[in-house]
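Reader: I'm new to this, so could you take me through one part slowly? I'd like a close look at a single sheet.
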Amino acid sequence: MAAEQHKTPSVIIAPDKATATLQIPPGCERALLTEQLLIGQITGAGVEVTEHTTRVIRSFIAQPPDDQDKTISLDIAHATPPVHGIDGKVVWNDKDKDKATAEDHAQTSDKEPVSYYDQSAFLMVDTGDEIGRVIPPEPGEDGRDVTGKTISAKSGKEAQLQIDESIMRRSNGTLIAQQDGVLYRELGKAMIRKLIQVNEFVDFSTGNINFDGDIIIGKGVRDCFEVTATGNIEVNGMIEAATINAGKDLNAKGGFAGRERGHVFTGGCLLGKYLDNVAGHVKQDLKIDREVINCELKIDGQIFSPQGSIIGGRIIPTGEVHIGTLGSDAGVLTELVIGSVPTLEPFAFKLEDIAGQLSQDVQKLTDEKDTIDKNSTKGRMTAMDKERETEIIFELSILGSLLDKAQRTLDLVRTEINKRRRVDVKVERSVFYGVKFELDGRSYKMNQTISGPVRFVMDGKAFVYKKSDGSVQPIGQVADVHAIIPGKSAA
Amino acid sequence: MKVMLVDDSKTMRNIQKGILTQLGYTELEEACDGLDALSKVGAFQPELLLVDWNMPNMDGLTFVKKYREQGHKSPIIMVTTEAEKSRVVEAIKAGVQNYVVKPFTPDLLGERIKETLERVAA
C-alpha cells in the first residue's frame, strides 16, 4: 500500500507561492492520470487553475509516456507579480534664460565667444513664468500568487513639495511664479524670493548677478564680475576690481579694492570699511570707516567719516563733509570739489548754452528786421521784404518764447543748485599740504599742513577756515589760490 | 473749425499754420495758389479761408471772385503785401471779409481771425 501511495502525483507550492509544480513520480500508471484527476489534485492542493495549468496538463496527457523511471515535474502555475506604483515628482524648468543664451551661443556659433561671467547660477523667474510641474504618482497594479490570492501593489507616493504664496500650483500640476525673483528649492520646499543670498564669492560659480531685489554676498566679489540689484547689496567680504550697481544702498563691509577698475553706482548710500581706487557715483551719502584712497567719486549727499581719511583721488560731494583726515603727510594730491551739484550742474551748463544760442539768433533776426524797417522808412520796402519781415516776426515770437522758457528753467535749476550745495568741510585731525579744494571756479591748494579740528566754510563770499578756538582765517593764508581755466588742470 | 490756407509761400503757410494751431485750429488744408484752392474747396468745405493776393496760376482776388461765384459763403481774410486803399476796397468788393497786411504779428492775425468769425456769427 505504501509503495502505491508513492506513485501518486503531488503538487508542490513554492514557499513564496510564486510557482507550483505537479510532480509525477516514477512508475506512476499513466493510463490512470486523466485531466480530471490531475486538475482535481491541483485544485485540492489550493492552486488556482488557469488556462496555463489546463494547457500544461493536456499537453502532458497527450504526450506518449517517455521515461517512466524519472520523476516528471510540470510547471503548472506562476504568480503574477504586482506592478508597484511610481512615486510622484516635481520636474523643474531649470533652463535659466541667461544660461540658455550662453549654451545656445555655444551650439549655434563657433565664432562668438561665450561669456562665462554672464552665466548665472541663479534661476531668475518672472511673474507668470511656468517654473515646473508636479507629476502625480502612478497607482500600480495588483498581482496574484499561484493560489489566486491577490498580492497588493504598493501605491506611488505624492511628491513632497511645500510652496508659499510666491508660487501657485494649478490643478494640472503646473507651478506658476507669482512674483519676480529668484527660485529657491531645498528639502521639499520651494519659494521665490526678492533676495539672493550668495554664501561664498561672486565668481565663476555664480556668474554675474543682475537681480530685481536685494543681494547678500557672504564673502566677496571677484575681479571683473558685475553685481547689479534694484535693491540693496551687502557684501561681507572684499570687493575686488568689480562693478557694483545698487538701486539702493551698498554696504561694502569687507572693503572695496578696485585697483583702478572698480566701479560703483548706488541709488542710495555707500557704506563700508574702505574704498581703494574706485570710481563711481553715489546718489546719497558716503559713510566709510577707514580710508577712501585714490577714488574718483561723485557724492550727491554728504560724506560722514569722522574717523576716516580721504587720500588722493578726486571727490565731488554735494553735501557737507565730515572727515578725520584729508590727504597724507606725503603731500599726495587730494582733490575735493565742494559747493558743486554734479547732478544739476550739467543741466545748468546746457541751459546756459541753449539760452546763449537763442539770444544770438534773436539778435541776428532783430538786426535783419531793423535793416528792413530802415528801408521801409525810405519807402523801399518790397513785397518780398514784407513777407520776410512777417517770417522774422514769427520766428522772433517763437524764439522769444523758447528763450523765456530756457531762462525760467535755468533760474529754477540755479535756485535748486544753491539750495543743495554745501560748502562745509569739517576735518577732525589734519588737512595735509597737497590737498586741493575746488570751489566756484577757483582752486585752493594747501601749501602747509594744518591740524584739526578745523572747518572750511564760506564767510560771506570768502572761503575761510575756522579753528576750534573760534579764529577765522582766509584760506589764502594756507593755500595757493588759482583760477580754474576750463579744460586745464588747476594743479 | 476747418481753415484753408492759400499762399504760394510754404514758409508763410507754415507761419499761419503755427499761429492757427496755437489758437486751437487743427483742421487745416493748404493750397499753393487759387487754382489749387478751387480744386480743394469742394472736398474740404472750409469754414474760414486765409488767402494771399499775389500768387502764380491764379491770384487771390480771382480765386475769391470764383469762390463766391460758386455760391460759397465762408469768410475770407486776405493776407497780403498789398496795402493800398484801392486794393483793399477791390478785395472787399470781391467778397473778402477782412484784411491783414504783411508784415503782421501773430497776435494781429489772431485778432483778425477772431474779429472776422465774430462778425460772421453776429
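In which sense do strand β1 (residues 2–6) of chain B and strand β3 (residues 48–51) of chain B pair, and over how many bridges?

Author: Sure! Quick housekeeping first: this is a predicted model, where local features need pLDDT of at least 70, side-chain atom pairs count only at pLDDT 80 or more, and totals for chains, interfaces and linings use all residues. Residues are numbered from 1 along each chain as its sequence is written, while chains are lettered from A and ligands numbered from 1 in the order in which they are written.

Now, β1 and β3 of chain B pair in the parallel sense, over four bridges. (Strands are DSSP runs of E, at least two residues, and helices are runs of H or I, at least four residues, numbered from the N terminus; two strands pair if DSSP finds at least two bridges between them.) Zoom in and you'll find V3(B) with L48(B) of β3(B) as its bridge partner.

Step back, and there's an open sheet of five strands in chain B, ordered β2-β1-β3-β4-β5, with parallel pairing. β2 (27–31) and β5 (98–101) of chain B each have a single partner strand, so one side of each has no neighbour in the sheet. From one strand to the next, the twist averages 20°.

Helices lie across these strands too. α1(B) crosses β1, β2 and β3 of chain B, at about 160° to β1(B). Helix α5 (residues 106–121) of chain B lies across β3, β4 (76–80) and β5 of chain B, at about 175° to β5(B). (Axes are lines fitted to C-alpha atoms, for helices over the stretch in contact, with angles from 0 to 180 degrees between N-to-C directions; contact means C-beta atoms, placed from the backbone, within 7 Å.)

Conventions:
Two residues are in contact if their C-beta atoms, placed from the backbone, lie within 7 Å.
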